[in-house]
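Subject: Handing over a structure, with notes on what was found in it

Dear colleague,

I am passing on a structure to you with this email, and I would be grateful if you could open it beside the notes while you read. Please take your time with each part.

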Amino acid sequence: MSEQENKGPGHITAGMDDREQVEKTADRLRDELLLTLEELDRRRERAMDVRYQVSHALDKNRDLLRQAAVVAVGLSLVGVGYSWWRRRHREEILWKHRREALRRAWAHPDRVASHAEERPMAIELGRKLVLIFATTLASALAKRSVRSLVPASEENPESSGKKRLGLRINHSPAHA
């Protein structure tokens, strides 16, 4: 006979009666439950610990944060450099704009102020009508989506018995 057959199916509880087997199983299950509860408590504490969450997020996204910082510093340096260049060449740019304005005034004395080519009135009117239609459509869609997302209030706040803050004369009905 092999060693497995000597022990039988329940070799751990082979020499115990039914009551002892149930108590051992209950103790084992109780210990596993306590370990599970301790682990859940540890995870709850870790989930509620803001300092841990921030450090964990920083560790996890360190490369991305570094890249974002490099991009931010680069953009700020470009902005500072551009403003410095603009300040140094301001007079030159101003004279260039004045020369272009004089050229435009010489070429088209009726359109001194604008760079744009004058379009036919029908095209401008059509463009404005399309713009008005698109704006009206967008606002109607926005109103409809807000109405569907936010339910309408069924009761009047004054009739529900809630007191409103403010001066009493503002909330009382007008007397004739």
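Below I go through the overall build, then the salt bridges, and then the aromatic residues and a patch on the surface.

Please keep in mind from the start that this is a predicted model, and that the values I quote were computed from it.

**Overall build**

The protein has seven helices and zero strands, so that, if you follow the elements from the N terminus on, they run α-α-α-α-α-α-α. Of its 176 residues, buried ones make up 2%. The area that the protein exposes comes to about 17200 Å², and carbon and sulfur atoms supply 61% of that area.

**Salt bridges in helix α2**

A search of the whole structure finds nine salt bridges, and I describe some of them here, beginning with a pair in helix α2, which covers residues 18-48.

The side chains of Glu 23 and Arg 19 meet in a salt bridge, with 3.2 Å from N to O. Both residues lie in helix α2, where they are four residues apart, or about one turn of the helix. Are these two partners buried or exposed? Glu 23 has a relative accessibility of 40% and therefore counts as partly exposed, whereas Arg 19, with a relative accessible area of 62%, is exposed.

Further along the chain, Arg 43 forms a salt bridge with Glu 39, and the closest N and O atoms of this pair are 2.9 Å apart. Because Arg 43 and Glu 39 are four residues apart in helix α2, about one helical turn separates them. Arg 43 counts as exposed because its relative accessibility is 53%, while Glu 39, at 28%, counts as partly exposed.

A salt bridge also joins the side chains of Asp 41 and Arg 44, here with 2.5 Å from N to O. These residues are both in helix α2 as well, but they are three residues apart, which is again described as about one turn of the helix. Asp 41 counts as partly exposed at 33% relative accessibility, and Arg 44 is partly exposed too, with a relative accessible area of 46%. In addition, Glu 39, Arg 42 and Arg 43 are joined into one network by salt bridges that share partners.

**Aromatic residues**

How many aromatic pairs does the structure hold? It holds one, and the pair is formed by Tyr 82 and Trp 85, whose ring centres are 6.3 Å apart and whose planes stand at 25°, so the pair is stacked. The reasoning rests on a cut-off, because planes under 30 degrees apart count as stacked. Both Tyr 82 and Trp 85 lie in helix α4, which covers residues 62-88, and they are three residues apart, about one turn of the helix. Tyr 82 counts as partly exposed because its relative accessibility is 48%, and Trp 85 is likewise partly exposed, with a relative accessible area of 38%.

Another aromatic residue, Trp 95, has a charged neighbour, since Arg 98 lies over the face of Trp 95 at 4.9 Å from the ring centre.

**A nonpolar patch on the surface**

Finally, you may like to look at Leu 33, Leu 34, Leu 37 and Leu 40, which make a nonpolar surface patch of about 380 Å². One of these residues, Leu 40, lies in helix α2, and helix α2 also holds the salt bridge between Glu 23 and Arg 19 that I described above.

With best wishes,
A colleague

Technical notes. Residues numbered from 1 in each chain as written. Predicted model: local features only at pLDDT ≥ 70, side-chain atom pairs only at ≥ 80, totals over all residues. Heavy atoms only, no water. Phe/Tyr/Trp six-rings, centres within 6.5 Å; stacked < 30°, edge-to-face > 60°. Helix = DSSP H or I, 4+ residues; strand = E, 2+ residues; numbered from the N terminus. Buried < 20%, exposed > 50% of the residue type's maximum accessible area, 1.4 Å probe, protein only. Lys NZ or Arg CZ within 6 Å of the ring centre and 35° of its normal. Patch = residues over 30% accessible without salt bridge, like charges linked within 9 Å, V, L, I, M, F, W, Y side chains within 5 Å. Areas by Shrake-Rupley, 256 points an atom, 1.4 Å probe, with all protein chains shown as cover. Salt bridge = Lys/Arg side-chain N within 4 Å of Asp/Glu carboxyl O.
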